[in-house]
Each structure stands twice: as C-alpha cells, then as structure tokens.
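Me: Here is a structure I would like to go through by question and answer. Please keep the replies brief.

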Amino acid sequence: FTDLTSHAWAADAINSLAEEGIIKGTSETTFAPNSYITREQLAAMLYRYAKSKGMDVSVSEDAKLNFADVDEISPYALEAITWAVDKGIITGMTATTLNPKGNATRAQTAMMLMRFFK
C-alpha cells in the first residue's frame, strides 16, 4: 500500500494480513492506516479470517438482516454481516438499526472479538 510506510508500527501485520486476503485496502493501492474502522469492515475481516482458518462460516436457513438500514451495507460486506449477525458477533446499534458504516468503537471492537473467539 502506497500510504503505509514500512516504519509504521502495524506495517508488518497489515501487509501479512493483506497477503492472506484477510484485510483489503480502501483501493488497490491504499489502506488508509490512520482511518477509523467501520462496523462492516470489522465484520468482513473477521469473516475472512474465519474462512482462512477453515472455521464454519455457514449461516442458518432463517438468517435475516431485520434492520431498517440494511440497504446501507456495502456489497462486499453483505455476506460477512449476515454471518456476523447470525452468529451473534455483531448486534444492532438499536433494535432496528445496524449502522454498518459507523465507526467501530473500542468497546464494540472488543465485544465483537470476544464473541468471535467464543
């Protein structure tokens, strides 16, 4: 990524995860390393990680996204969000909204990681 210097504290991890296909940039050549991560980006990374490790990423037959803002989910993240909601990794911000493009707070990230690893 052209916007990631080799001296950046997370450069090795970012490059390694990008090579494995777990994370992707904001374009073919950029990563935006100092930008906040969105809820859908975090779900997508966890989903790709699970797939790369051979974990079960299937969803139940009745898996549904019953959120008013479901149309705001980026196409690349729809499968991952569906999986993360179905598995209880991500929950709505309210009973009716998911806020997929909202920034994931530290607390939300911690909760998603905890649920993922359980």
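Me: Is Asn99 buried, partly exposed or exposed, and what is its relative accessible area?
Reply: This is a predicted model, where local features need pLDDT of at least 70, side-chain atom pairs count only at pLDDT 80 or more, and totals for chains, interfaces and linings use all residues. Residues are numbered from 1 along each chain as its sequence is written, and side-chain values use heavy atoms, with hydrogens and water left out. Buried means under 20% relative accessible area, exposed over 50%, and partly exposed in between, with a 1.4 Å probe and protein chains only. Asn99 is therefore partly exposed, at 31%.

Me: What is the phi of Asn99?
Reply: Asn99 sits in the loop between α3 and α4; helices are DSSP runs of H or I with at least four residues, strands are E runs of at least two, and both are numbered from the N terminus. Most residues other than glycine have a negative phi. Asn99 is not a glycine, yet its phi is positive, near 55°.

Me: Which residue in the loop between α1 and α2 has a positive phi although it is not a glycine?
Reply: The residue lies in the loop between α1 and α2. Its relative accessible area is 23%, so it counts as partly exposed. Its phi is about 60°. It is Ala32.

Me: What is the reach of helix α2 from its first C-alpha to its last?
Reply: α2 covers residues 39-52, which is 14 residues. The expected span is 1.5 Å times one less than the number of residues. That gives an expected 20 Å, and the helix comes close to it. Its reach is 20 Å.

Me: Which helices do the buried residues of α2 pack against?
Reply: The buried residues of α2 include Arg39, Glu40, Leu42 and Tyr47. Contact here means heavy atoms within 4.5 Å. The partners are α3 (78-86) and α4 (106-117).

Me: Why does Thr82 count as buried?
Reply: Thr82 lies in helix α3. Leaving aside neighbours within four places in sequence, it is in contact with Val59, Ala63 and Leu65. It counts as buried because its relative accessibility is 18%.

Me: Which residues touch the most other members of the largest nonpolar core?
Reply: A nonpolar core is a set of buried Ala, Val, Leu, Ile, Met, Phe, Trp, Tyr and Cys residues joined through side-chain atoms within 4.5 Å. The largest has 22 residues, and the two that touch the most other members are Ile81 and Trp83.

Me: Which element gives the largest share of this core?
Reply: The elements that give two or more residues are α2, α3 and α4. The largest share is six residues, and it comes from α2.

Me: How much space lies in the largest pocket?
Reply: On a 1 Å grid over the protein atoms alone, a cavity is a set of points where a 1.4 Å probe fits but cannot get out, and a pocket is an open set with protein on both sides within 12 Å along at least five of seven lines; lining residues have an atom within 4 Å of a point. Grid points are joined across faces, edges and corners, and a volume is the space filled by probe spheres set on the points. The largest pocket holds about 1100 Å³.

Me: Which element gives the most to the lining of the largest pocket?
Reply: α1 (11-19), α2 and α4 each supply at least two residues. The top contribution is seven residues, from α2.
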